[in-house]
Each structure stands twice: as C-alpha cells, then as structure tokens.
Amino acid sequence: MKKLLRDILRSGWFQRAVGFLAAEYLRLVWKTNTFIFDPPHVYGMVEARQPAIFVFWHGQHFLTPFIKTKKEQRGKVLISRHRDGEYNAIVAERLGIGTIRGSGDHGGAFHRKGGVGAFREMVYALEDNYNVALTADVPKRARVAGLGVIMLARESGRPIMPFAMATSRFIRLKNWDRTTINLPFGRGALVGIEEIRVPRDADAATMERLRLRLEAYLNEATRRAYAKVGRPEAGRA
C-alpha cells in the first residue's frame, strides 16, 4: 500500500493535477485579498533596478509569483530538485514564472544538489534580463540567511531586493520553515525593503556584513507586512 501511494505521489499526472489546482487556488487568494504596498511606489522603485534578485523567506513564498504584474517582465525562480520541488515548479510555470532547478545551499551538499549548475544558470538569467527569485534561508534553518544570495549578487552585479508578502487570513504549519498557507477573502500586504548591492571585490568580512543586513531586512519586511494586515503577532513568529 505504501509503495502504491508513493508511486502515485511521484507520478507525473498526479503532480500536474495538484500543481494545476494549487496554481488556481493561489489565483483565487490573490484576487480576493485587498493588497496594500509599502512603500506605495514599490513597483516604480523596483522597475528602475531590474533585472534584480528578489529574495524572501522560505515558507512565505506561495504568493510571490504575483509580484510579476506586466507581460514584459520576465522572471525565474530557484526551486530544489527534491521531488517535493516538482509541485512548486509546476505551480510556478503555471503562473508564468520560469524555473531553475537546484540548491541555493553553499554547504557540503552544494555540488550534489545541483548548486553549481543552478548558480551559473541564475547568473546567465540575470545577464539575459530575467529577474531571479529565491529564498534566503539556509536549508532547514528558518530565518537564517545564507551566503548564496550574497554570492549571486557579487557575481552578477545585480541588486538584491528583499521583500515579504502576508495575508490577514492564513494557516501556519508547524514545520521547520513555518510554511504559511495564505487564505482568500482578507487583506494583504507586500513590503519591499531597501536594496542591497554587493561589490565585485567584496571580501569575506564584507559578505558576512551584507548577509546579516539581508537577514535584518527580511525580518523587518516580514514584521511590517503582518502589522499592516492586522496580525503583528504573526510577524514575530
């Protein structure tokens, strides 16, 4: 029985069906939540700096495809090669976002998880005028920013744009990244924080300082987003 269930979960038709339903559910959530933007001119601010590296916390990612508001904007998102990543990839592509498969982890598993190839693909995507989106967390350590994003900004010369999205109605899972499932018919907020640029000649000390700044910016964006939808306690979780 377990083998049958595993085979179903890994089958292409099942993954596509779940991906389709998840994408359409997220469209419903996006359309039925009234969003505010902080700062109000956040889109104008970002457009002047594209292509950019959009960064957010893991577990807060479900509505991020909707930051793309114009057809001429092109974006790709980094998604793991893990089998669970197949669902995320199907959803992203259904919502008009390209995918790059691999790991953002620059630890011991970087090569094994396809990190080298994914890193190069992200650099090439930015050079080809695509925005690139990825989570900042070190794998299995929520709210701890890794160096991967900083390295990508140094190599590409493109700015990091930290942001957070929150809705007033949600379900939060009790897993490592506190995955938040956004619910429809509420209020939403998109909060952007000041860009981070990494010099081409940044040394280890400079990169660590900027890594800590990214972590602080993402925490601040998350706090402000939940405060704006009337759920300040959730921003501290």
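## Rings, cis prolines and odd phi angles

Trp30, Phe35 and Phe66 form one aromatic cluster. Keep in mind that this is a predicted model. Here are some exercises to work through with the structure open.

**Exercise 1. Work out how the rings around Trp30 are arranged.**

Step 1: start with the overall search, which turns up six aromatic pairs in the whole structure. One of them is Trp30 with Phe35, whose ring centres sit 4.5 Å apart with 40° between the planes.

Step 2: give that pair a label. Stacked needs planes under 30 degrees apart and edge-to-face needs over 60, so at 40° Trp30 and Phe35 count as tilted.

Step 3: do the same for Trp30 and Phe66. Their centres are 5.3 Å apart and the planes meet at 5°, so this pair is stacked.

Step 4: look at where the stacked partners come from. Trp30 belongs to helix α2 (residues 12-32), while Phe66 is in the loop between β2 and β3 (75-79). The two are 36 residues apart, so to speak a link between distant parts of the chain.

Step 5: check burial, where the cut-off is under 20% relative accessible area. Phe35 comes in at 13% and is buried; Phe66, at 11%, is buried too.

**Exercise 2. Find which charged side chains lie over the face of Tyr130.**

Step 1: try Arg74, which lies over the ring face at 3.9 Å from the centre.

Step 2: try Lys76, which also lies over the face of Tyr130, with 4.6 Å to the ring centre. Both fit the 6 Å distance limit.

**Exercise 3. Locate two cis peptide bonds and say where their prolines sit.**

Step 1: go to Asp38 and Pro39, joined by a cis bond with omega about 0°. Pro39 is in the loop that runs between β1 (34-38) and α3 (42-47).

Step 2: move on to Gln50 and Pro51, where the peptide bond is cis with omega near 0°. Pro51 falls in the loop between α3 and β2 (53-56).

**Exercise 4. Take Arg143 and Arg178, two non-glycine residues with positive phi, and decide for each: buried or partly exposed?**

Step 1: Arg143 has a phi of about 65° and is part of strand β7 (residues 141-145). Its relative accessible area is 13%, so Arg143 is buried.

Step 2: Arg178 has a phi of about 50° and sits in the loop between β9 (170-172) and β10 (180-182). With a relative accessible area of 25%, Arg178 is partly exposed.

Technical notes:
Residues numbered from 1 in each chain as written. Predicted model: local features only at pLDDT ≥ 70, side-chain atom pairs only at ≥ 80, totals over all residues. Heavy atoms only, no water. Helix = DSSP H or I, 4+ residues; strand = E, 2+ residues; numbered from the N terminus. Buried < 20%, exposed > 50% of the residue type's maximum accessible area, 1.4 Å probe, protein only. Phe/Tyr/Trp six-rings, centres within 6.5 Å; stacked < 30°, edge-to-face > 60°. Lys NZ or Arg CZ within 6 Å of the ring centre and 35° of its normal.
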